Amino acid sequence: MSNVSHTRSDISSHPDATEMRARHDRVMRGGGRSTAFADAPVFLVGLYCAVSPWVLHFTASQPSLVVHNVVIGIAIAVLALCFTAIPERMAGMSLAISALGGWLIASTWIVGSSPDTGVILSNVIAGGLAVVLGAICSGVAVMNKRKLSRATQ
């Protein structure tokens with residue numbers, strides 16, 4: 001361990017220095033994830049989905065739907081947090097939010113047993129929001145990918 005240097009060295013000698021600087025410039029100019037405006041609403045949709053059984057008081061009448069909503073809500077919220085934390089690796093996962101939203105809508109009748117109007121409206125609205133926000137994120141991610149591929153050519 002005595003031969004390890006603890007001094008800062010100049011990064012200009014690094015073989016990928018030019019590429020790292022270019023990537024940094026793209027991210028700082030907005031070439032990274034520009035769907036950040038949708039991350040917070042997606043997180044809130046997931047959070048609402050997870051707590052909706054207690055908000056709407058259907059924990060006793062729909063026990064299987066309670067577990068389902070908690071799991072789907074946590075999945076949506078975790079995806080939103082991952083989009084915020086590591087956006088460059090999560091851009092392709094935007095459609096997963098739409099898929100989870102679609103499943104949330106359909107599962108009201110598949111997982112639930114004779115759900116009442118409040119449960120149906122809650123899951124349809126939350127699922128619809130997830131579908132729309134996921135589609136927006138996917139569309140912007142595709143446009144960003146095209147823009148970045150043109151810029152690097």
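**Figure 1. A nonpolar patch lies on the surface of this predicted model.** Seven names to find in this view are Leu-44, Leu-47, Tyr-48, Val-51, Trp-54, Val-55 and Leu-56, which form the patch. Taken together, these residues have about 620 Å² of accessible area. If you would like a landmark, try Trp-54, which sits in helix 2, the helix that covers residues 36–55.

**Figure 2. The whole chain is built from helices, with zero strands.** Start at one end of the sequence and you will meet the pattern α-α-α-α-α-α, for a total of six helices. The chain has 153 residues, and 33% of them count as buried. Its accessible surface comes to about 9600 Å², with 66% belonging to carbon and sulfur atoms. For contacts between residues at least 6 apart in sequence, 63% join residues at least 24 apart.

**Figure 3. The largest nonpolar core brings together 17 residues.** Look here for Val-42, Ile-72, Ile-76, Leu-79 and Ile-97, the members that touch the most others in the core. At least two core residues come from each of helix 2, helix 3 (63–85), helix 5 (94–110) and helix 6 (117–152). Helix 3 gives the largest share, with five residues.

**Figure 4. A closer look at Leu-79 shows its contacts with residues further along the sequence.** Leu-79 is among the core members that touch the most others. Setting aside neighbours within four places in sequence, you can pick out Met-90, Met-93, Ala-96, Ile-97 and Leu-100 as the contacts of Leu-79. Ile-97 may look familiar from the previous view, as it is also named among the core residues there.

Terms used: Residues numbered from 1 in each chain as written. Predicted model: local features only at pLDDT ≥ 70, side-chain atom pairs only at ≥ 80, totals over all residues. Heavy atoms only, no water. Patch = residues over 30% accessible without salt bridge, like charges linked within 9 Å, V, L, I, M, F, W, Y side chains within 5 Å. Areas by Shrake-Rupley, 256 points an atom, 1.4 Å probe, with all protein chains shown as cover. Salt bridge = Lys/Arg side-chain N within 4 Å of Asp/Glu carboxyl O. Helix = DSSP H or I, 4+ residues; strand = E, 2+ residues; numbered from the N terminus. Buried < 20%, exposed > 50% of the residue type's maximum accessible area, 1.4 Å probe, protein only. Contact = heavy atoms within 4.5 Å. Core = buried A, V, L, I, M, F, W, Y, C linked by side-chain atoms within 4.5 Å.
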